[in-house]
Amino acid sequence: MELVHSGKVRELYADGDDLIMVASDRVSVYDVVLPTPIPGKGRILTQLSLWWFGQLGDVIPNHVISGTEVPAEWEGRAIRCRRLRMLPVECIARGYLAGLGLASYRATGEISGVRMPPGLGEGSRLPEPVFTPTTKAAVGHDEPVTFGEVSALVGGSIAVELRRATLEIYRRGAVLAAARGIIIADTKLEFGLAGDGTVMLADELLTPDSSRFWPASEWTPGRPQPALDKQFLRDWSAGLDWDRRPPGPAIPDDVVAATQARYAELYTRLTGRE
Ligand code: PZK
């Protein structure tokens, strides 16, 4: 099959008119892919994405064709998808302060042009979820864009649909996760257009690679929140003499095992499946 895109932890292949998205067991910390895989991670993230696409299919149509009709070597960690014309915006919804949302709040008191109340800190819950789109920069980090800029890029009616679907997917996902003790602080979605112009949800959905997942039991606003999936990796790597530039260090067996257990726990807690 023809490789069309290779990401840090995933590959995208063309199969006739379809695409096959394949999740690897690779893991990144501080944006650097480590040389040691986390066995089962690709399967868990793929099954979690498929589960969410099923749960949230009534919000907006999505690109999934099948989670089973894929080459045998990738079974369980690949999704057959419709090839779409991807829209050049990363659609982010934030319900809690972290990352670039926190930086923006500290600098201006606003997030994506929306004024926030004073006194929020790192990890605080926002009064309501905010749509904070970015554009994919050719190199380096993504650039925040206003809603007006999204409209100029994709057209006003599509921009309205992207904002609606992004906020609704986030709200529905966050409510469901909260009932299972998990905070989804934010999430990044990607959309594309089908041949007939229908806006469709693409990419992966509400996985820990596209979203911040925090254990609700440990949520303490005012400090950085522990990540449900990668905290063992972060804690271990913080104790190394490593400048966070490639190549990353090999992961010791006990940290691999603890991280593997976190991904399995996350999947079981959310979906009720083993
Ligand atoms: C598409 N990416 C991101 C990069 C990956 C994924 N349904 C689609 N149609 C056309 N293009 C894409 C999709 C989807 N999803 C997604 N880039 C293009 C990406 C690297 C590896 F697995």
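Just after helix H2, Gly109 takes a positive phi of about 75°, and this residue of the predicted model offers a convenient point from which to look back along the helix that precedes it.

Helix H2 covers residues 99-108, and its buried residues include Gly101, Leu102 and Tyr105. These three cover an arc of only 100° around the axis, which puts them on the same side of H2. On the face turned away from that buried side, H2 carries the exposed residues Leu100 and Ala107. The cover over the buried residues of the helix includes two strands, S9 (91-96) and S10 (110-111).

From this one helix the view can be widened to the whole chain, in which there are six helices and 17 strands. The radius of gyration is 18 Å, close to the 19 Å that the globule rule gives for 274 residues, so the chain is as compact as a globular protein of that length. Along its principal axes, the C-alpha trace spans about 50 × 45 × 40 Å. Of the contacts between residues at least 6 apart in sequence, 62% join residues that are at least 24 apart.

The division between interior and surface can be described in similar terms. Buried residues account for 50% of the 274 residues in the chain, while the accessible surface comes to about 12,900 Å², with 51% of it belonging to carbon and sulfur atoms. As for charge, the chain has 30 positive and 35 negative side chains, and the centres of these two sets lie 4 Å apart.

Note on methods: Residues are numbered from 1 along each chain as its sequence is written. This is a predicted model: local features need pLDDT of at least 70, side-chain atom pairs count only at pLDDT 80 or more; totals for chains, interfaces and linings use all residues. Side-chain values use heavy atoms; hydrogens and water are left out. Helices (H or I, at least four residues) and strands (E, at least two) are DSSP runs, numbered from the N terminus. The radius of gyration is taken over C-alpha atoms; the globule rule is 2.2 Å times the number of residues to the power 0.38. Buried means under 20% relative accessible area, exposed over 50%, partly exposed in between (1.4 Å probe, protein chains only). Contact means heavy atoms within 4.5 Å. Accessible areas come from the Shrake-Rupley method with a 1.4 Å probe; for residues, only the protein chains shown count as cover. Lys and Arg count as positive and Asp and Glu as negative; His and the chain ends are not counted. The place of a charge is taken as NZ of Lys, CZ of Arg, CG of Asp or CD of Glu. The arc is that of the directions from the helix axis to the C-beta atoms.
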